[in-house]
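Open the model in your viewer and keep the selection panel at hand. This tour goes stop by stop.

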Amino acid sequence: MDASNIAHYGKKDGKPSLSKLLKAVEALEKLGYHPILIADASLRHEIDEKEEFNQLLDEEKVHQVPAGTNADHYILNLAEEEDAKILSNDAFREFFDEFRDINSRRIPYSFKGENIVIGSSAQPKKIKNILQKISNQTLSEFEKKGYDSYKLKKNKKLSGIAVAKEAIDRISKTSDEGIDSKIEGMFMKIPLFDKVMKMVEDAEKTSDFIIFVLVSPRDYRDAVRNAGNIAVTVGDRLKLDHAPLVAVRNDLFTKPGTFELNIIYSDEILEESPFDVNITINDHDYSFVKKNSRNIASTVAARLGTWKFPIVSVKPSMLMEKPGHYDINLDKGGDK
């Protein structure tokens with residue numbers, strides 16, 4: 001809560017109002033918020049009920065900005081660190097270059113008589129396609145180390161029947177074109193070829209194919225419900241000795257309501273991701289990317305053909321000052 005802004009609301013010749021502050025706290029708590037009141041150093045000298053306000057300061061129910069610190073900057077910085085909203089009618093325009101998308105963090109308000117009316121913040125603006133850009137660069141880093149990734153982008157309309165039909169068609173076509181020579185060519189690109197082949201030979205073969213169904217995170221749950229039926233349908237139609245394994249994966253390149261398939265011969269699958277992914281990113285995008293790190297891991301695993309997700313770590317860097325800036329490094333992963 002921008003305490004000074006709220007206490008001064010509607011003030012003409014009078015003093016800032018403690019009553020307005022307390023009304024705002026009460027309204028926010030009823031909405032389920034946990035308000036933190038931040039006041040500039042001058043408010044304690046100006047407010048109408050100084051004794052009560054000073055008591056709130058002593059009890060740390062109101063926090064005063066440190067001396068010599070710009071109150072607006074302090075509030076914005078704290079809100080960004082805590083990923084919190086700000087109740088204030090101050091537009092903070094002078095800080096637009098430093099703090100990204102302030103309007104999506106700020107909640108406006110008004111008073112009708114003694115009652116406060118809490119407004120709504122603007123919808124957040126995100127750097128366009130930043131998750132896809134990060135995933136794409138990550139896959140490029142894997143390719144530099146000799147690991148091919150799935151690149152087709154058909155985006156067919158999602159349904160259980162459509163997935164089964166596409167899988168049957170793709171498997172039949174791949175078999176006709178001679179899949180064995182393609183597999184050998186791919187494995188020879190992998191530095192740990194002998195180790196991977198030994199892993200496959202030692203494992204009990206339970207299916208001929210692994211079918212990764214790539215869907216938007218919005219469609220994940222619905223797609224999972226159809227996975228078993230898809231496996232049975234494909235296995236029966238192609239008269240396979242073993243039904244294929246069907247793994248639904250969140251994929252950040254796939255549009256909502258559509259799907260893609262990455263179909264891999266069972267001998268080609270990698271149990272563990274060979275590398276983990278370290279993302280260093282600017283403060284502005286950190287929370288958003290961190291929140292979606294599992295979707296990045298799922299996208300990378302599905303398009304590389306690894307059964308387990310890579311570990312994706314996200315950390316902010318003060319050296320990356322602008323939105324959209326990030327760096328990606330791969331560390332030796334599961335099969336080290």
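**Stop one: an acidic corner**

Select Asp48, in the loop between helix H3 (43–46) and helix H4 (50–58). Helices (H or I, at least four residues) and strands (E, at least two) are DSSP runs, numbered from the N terminus. This is a predicted model: local features need pLDDT of at least 70, side-chain atom pairs count only at pLDDT 80 or more, and totals for chains, interfaces and linings use all residues. Residues are numbered from 1 along each chain as its sequence is written, and side-chain values use heavy atoms, with hydrogens and water left out.

Asp48 counts as partly exposed because its relative accessibility is 36%. The classes are buried (under 20% relative accessible area), exposed (over 50%) and partly exposed in between, with a 1.4 Å probe and protein chains only. Areas come from the Shrake-Rupley method with a 1.4 Å probe; for residues, only the protein chains shown count as cover.

Now add Glu49, Glu51 and Glu52: with Asp48 they form a negative surface patch. Patch residues have over 30% relative accessible area and no salt bridge; like charges are joined within 9 Å, nonpolar side chains (Val, Leu, Ile, Met, Phe, Trp, Tyr) within 5 Å. Lys and Arg count as positive, Asp and Glu as negative; His and the chain ends are not counted. Each charge is placed at NZ of Lys, CZ of Arg, CG of Asp or CD of Glu.

Step to His45 in helix H3. His45 counts as exposed, because its relative accessibility is 59%. Draw a C-alpha to C-alpha distance from His45 to Pro16: 9.9 Å in space, with their positions 29 residues apart in sequence.

**Stop two: a buried serine**

Select Ser216, in the loop between strand S8 (209–215) and helix H11 (220–225). Is Ser216 buried or exposed? Ser216 counts as buried, because its relative accessibility is 5%. Show its contacts (heavy atoms within 4.5 Å). Leaving out residues up to four places away in sequence, Ser216 touches Asn250, Asp251, Thr254, Lys255 and Pro256.

**Stop three: salt bridges**

Side chains of opposite charge can pair when their charged atoms come close. A salt bridge here is a side-chain nitrogen of Lys or Arg within 4 Å of a carboxyl oxygen of Asp or Glu. The whole structure has 11 salt bridges.

Select Asp83 and Arg105; their closest N and O atoms are 3.7 Å apart. This pair links distant parts of the chain, 22 residues apart: Asp83 sits in the loop between helix H5 (71–82) and strand S3 (86–87), Arg105 in helix H6 (residues 102–105). Asp83 is exposed, at 53% relative accessibility.

Go to Glu141 and Lys144, a salt bridge with closest N and O atoms 3.3 Å apart. The two are about one helical turn apart, because 3 residues separate them in helix H7 (residues 130–144). Glu141 is buried at 19%, whereas Lys144 is exposed at 65%.

Next, take Lys156 and Glu166, bridged with closest N and O atoms 2.7 Å apart. Lys156 is in strand S7 (residues 156–157) and Glu166 in helix H8 (residues 160–176), 10 residues apart. Lys156 is partly exposed at 37%; Glu166 is buried at 6%. Add Arg170: salt bridges with shared partners join Lys156, Glu166 and Arg170 into one network.

**Last stop: zoom out**

Show the whole protein: 14 helices and 13 strands. Of its 336 residues, 44% count as buried.
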